[in-house]
Amino acid sequence: GSMAASGDDDMADLVISSLPLETRCPPYHLRQHGGFWFSEPFLPAVAAARARFEARPSDVLLASFPKSGTTWLKALAIATLHRADHPPRSLDHPLRRRNPHDCVETRDSGDDVLAALPSPRLLATHLPYTHVPKSVTTEGAGCKIVYVCRDPKDALVSKWLFTKKRLAFAAVDDSPPKPYTIDEMFELFCDGRCTCGPQWHHVLGYWEASRRQPEKVLFLRYEEMLRDPVGNVRKLAEFMGCAFSVEEEAAGVAEEVVELCSMDTLKNMEVNKNGTQNHVRNEAFFRKGVAGDWSNHMTPEMAARLDKIVEDALRGSGFAF
Ligand code: A3P
């Protein structure tokens with residue numbers, strides 16, 4: 001049986017105000033549903049998408065816990081899937097004009113926009129496996145999912161630094177953001193209280209799905225992608241049904257995709273230096289991009305405590321970070 005928290009099959013009758021509330025995680029209030037915490041303002045749309053969104057077998061859904069390599073995965077998937085129309089070295093490549101987040105559709109795109117998109121569609125979500133639209137995970141139908149997993153300590157630190165930037169960006173002159181310490185976030189994170197948390201249950205849900213249906217769910221690790229980016233892009237291409245041909249391999253196309261999507265290349269693009277998303281500057285999505293940066297922000301005691309919590313929660317599942 002699954003150890004991951006099970007989501008409610010039906011969110012249709014959701015009464016948000018009756019769900020457990022957490023107010024200490026900026027920038028939004030959180031509500032707990034089906035074992036996970038969600039940003040309160042987005043819950044109605046989550047429920048609507050769960051009931052209404054119609055997945056196509058050719059869809060590729062990029063899934064992740066926040067701050068786990070979403071931006072990178074989006075860039076790699078775009079560059080890989082659309083390389084016939086947009087060779088990675090072309091000067092007018094979409095990734096040279098737009099932030100990766102603006103090249104992939106999300107729930108916010110709206111039903112009509114999503115329905116009008118040509119196949120194969122590239123979509124993205126932070127939702128746990130239990131809460132994605134029902135049509136996505138229907139056995140025998142559904143669509144492809146690519147999940148990226150990251151060490152919870154690095155995801156935590158990345159999220160904390162990102163949230164501080166976000167709060168600073170949103171703040172107006174006369175109300176500076178209230179200080180937000182890593183200790184505050186750490187306590188809540190350890191208790192699973194963060195958007196889409198607990199992080200380890202989020203990961204476990206997709207990992208179990210990838211074990212049940214490896215042809216439907218590809219499970220990638222951020223740390224592995226750093227270690228062997230080209231090998232992971234090959235895996236991604238194969239999984240999406242567009243493996244690199246012998247000619248492409250000989251021409252180094254997989255390497256070109258990796259180069260286009262590298263931290264250095266993306267970070268230095270004009271749109272990523274100066275553009276903005278709704279709530280944050282694009283530059284905030286590109287920080288260090290390494291494994292183990294948590295040690296510069298967390299004490300060894302904090303790390304040991306979180307590791308223990310995660311280990312205990314995952315014991316017997318077959319999965320380990
Ligand atoms: P750090 O804050 O540890 O540097 P997300 O995209 O899910 O929001 O995750 C953000 C994390 O991915 C950040 O981690 C960010 O620096 C890193 N990242 C962004 N673009 C990247 C890229 N092209 N290659 C590797 N890491 C990248």
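In this predicted model, a good place to start is the ligand, where one of its oxygen atoms sits 2.7 Å from an N or O atom in the side chain of R287. The protein covers 97% of the 560 Å² of accessible area that the ligand has on its own. From there, the tour moves on to helix 1, then to H33 and P66.

**The ligand and its surroundings**

- The ligand is surrounded by 18 residues, and T70, T71, S158, R287 and G289 are the closest of them.
- S158 also makes a polar approach: an N or O atom of its side chain lies 2.6 Å from an oxygen atom of the ligand.
- For K67, a polar side-chain atom is found 2.8 Å from a ligand oxygen atom.
- By residue class, the shell around the ligand splits into seven nonpolar, seven polar and four charged residues.
- Two helices, helix 2 (70-81) and helix 13 (263-267), each contribute at least two residues to this shell.
- Helix 2 gives the most, with three residues.

**Helix 1 and its two sides**

- Helix 1 spans residues 43-52, and its buried residues are L43, V46, A47, A49 and R50.
- These buried residues lie on the same side of helix 1 because they cover an arc of only 165° around the axis.
- On the other side of helix 1 you will find A51 and R52, which are exposed.
- The cover over the buried residues of helix 1 includes strand 2 (30-33), strand 3 (36-39) and helix 5 (134-137).

**H33 in strand 2**

- Strand 2, one of the elements covering helix 1, is also where H33 is located.
- H33 has a relative accessibility of 5%, so this residue counts as buried, the cut-off being under 20%.
- The side chain of H33 is joined to that of H131 by a polar contact of 2.9 Å.

**P66 in the loop before helix 2**

- P66 belongs to the loop between strand 4 (60-64) and helix 2, the helix that gives the most residues to the ligand shell.
- With a relative accessible area of 9%, P66 is buried too.
- Leaving aside residues up to four places away in sequence, P66 touches H126, A155, T195 and C196.
- P66 and T125 are 59 residues apart along the chain, and their C-alpha atoms are separated by 9.3 Å.

Notes: Residues numbered from 1 in each chain as written. Predicted model: local features only at pLDDT ≥ 70, side-chain atom pairs only at ≥ 80, totals over all residues. Heavy atoms only, no water. Near = heavy atom within 4 Å. Polar contact = N/O pair within 3.5 Å; in protein donor to acceptor, adjacent residues only side chain to side chain. Areas by Shrake-Rupley, 256 points an atom, 1.4 Å probe, with all protein chains shown as cover. Helix = DSSP H or I, 4+ residues; strand = E, 2+ residues; numbered from the N terminus. Nonpolar A, V, L, I, M, F, W, Y, C, P; charged D, E, K, R; others polar. Buried < 20%, exposed > 50% of the residue type's maximum accessible area, 1.4 Å probe, protein only. Arc of directions from axis to C-beta. Contact = heavy atoms within 4.5 Å.
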